[in-house]
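Me: I'd like a close look at one part of this protein, starting from a single side chain and working outwards. Could you walk me through it at an unhurried pace?

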Amino acid sequence: YCLLASVCFGVPYLILAWTVGPELPSLLGGIIGLGVLVKLTQKGICVPEGTWDFDSSDKWDPDWIGEIKPSDVTEYKEHMSQVMAWLPYVLCGLLAGIYAKKRNFRLSTAQLAFIVFSMTFMVLVLNTASLYVDSKIYGYYNPVFIFGSLGVRIVVWLVKSAAYTAVLPSLISAARHGLGERA
C-alpha cells in the first residue's frame, strides 16, 4: 500500500513538473495523487487484508525497552492557551500597523525592513522567554537547550526577516494596485 501511495503521488508530480513547470507540481500533484489513492483504496487495490500491531509490552525483548517504561496513558494536557500562542504575532501586527498608520501607509524599503526585523525579533524574544518560563514552571525544556539553540534561531530570524523584506514591497505594490490606490 505504501508503494502504491508513493506512485500515486509521484507520477502526477513528475508529469506536472515536466509538462507545466516547477510551480504547479507542489500544488496540484498532491491533490491529484490523493484523489487517485482514495479511489484505488475504495476499490480495495493493494489494501492490506489485516492490520499489524506490536505484541503487548510484556512480551517485548528487554533490549527494546530501555530506561523509560512504556505507558498506555495518552492524555494530552494543553500547556499554553491559544491566546498566549498567538499573542506575539498579534502584538507584532498591532505595532507594525500603528507604525505604518503614522506614516500614512507609505513606507520606504528601509522603514519596511525596520518593521520586519524588529517585529520578527520581538517574536523571537517572546518565544524564547515563554520557553524559559515553561522550563522553570513545568521543567519541559532544559535551559541549556533553550539558550544553546538560540544561535540557530537567530540565524533563522535573520534569514526569515531578509526574505520577508525582499518579498513585501512587491506584495504591497500588488495590493495597492489591486485596491486601486485606496490603501
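What is the relative accessible area of phenylalanine 54, and is this residue buried or exposed?

Reply: Happy to. This is a predicted model, in which local features need pLDDT of at least 70 and side-chain atom pairs count only at pLDDT 80 or more, while totals for chains, interfaces and linings use all residues. Residues are numbered from 1 along each chain as its sequence is written, and side-chain values use heavy atoms, with hydrogens and water left out.

Phenylalanine 54 is exposed, because its relative accessible area is 53% (exposed means over 50%, buried under 20% and partly exposed in between, with a 1.4 Å probe and protein chains only).

Now to its ring. A pair of aromatic rings is described by the distance of the centres and the angle of the planes. Here, rings of Phe, Tyr and Trp (its six-membered ring) pair if their centres lie within 6.5 Å; planes under 30 degrees apart count as stacked, over 60 as edge-to-face and the rest as tilted. The count by this rule is three aromatic pairs. One of them joins phenylalanine 54 to tryptophan 60, edge-to-face, at 6.2 Å centre to centre and with 65° between the planes. Its partner, tryptophan 60, is partly exposed, at 25% relative accessibility.

Another pair is made by phenylalanine 121 and tryptophan 157: this one is tilted, at 5.1 Å centre to centre and 55° between the planes. Phenylalanine 121 belongs to helix α4 (residues 109-137) and tryptophan 157 to helix α6 (residues 150-178), so the pair ties together parts 36 residues apart in sequence. Helices (H or I, at least four residues) and strands (E, at least two) are DSSP runs, numbered from the N terminus. Phenylalanine 121 is partly exposed, at 39% relative accessible area, whereas tryptophan 157 is buried, at 15%. Ring pairs also bring in Phe117, which forms a cluster with Phe121 and Trp157.

Threonine 120 sits in α4 too, and is buried at 14% relative accessibility. Leaving out residues up to four places away in sequence, threonine 120 touches Trp157, Ser161 and Tyr164 (contact means heavy atoms within 4.5 Å).

Helix α4 has another neighbour to look at. Helix α3 (residues 82-102) packs with α4 at an angle of about 155°, their axes 9 Å apart. Axes are lines fitted to C-alpha atoms, for helices over the stretch in contact, and angles run from 0 to 180 degrees between N-to-C directions. The two helices are therefore roughly antiparallel (over 145 degrees; under 35 is roughly parallel, 65 to 115 roughly perpendicular and the rest oblique). Their crossing is right-handed, meaning that the near helix is turned clockwise from the far one by less than a right angle, and anticlockwise would be left-handed. Among the residues making the contact are Leu91, Leu95 and Tyr99 of α3 and Phe114, Met122 and Leu126 of α4. By class, this contact has 13 nonpolar, two polar and no charged residues. Ala, Val, Leu, Ile, Met, Phe, Trp, Tyr, Cys and Pro count as nonpolar, Asp, Glu, Lys and Arg as charged, and the others, Gly among them, as polar.

As for the setting, the chain has six helices and zero strands, and of its 183 residues 18% count as buried.
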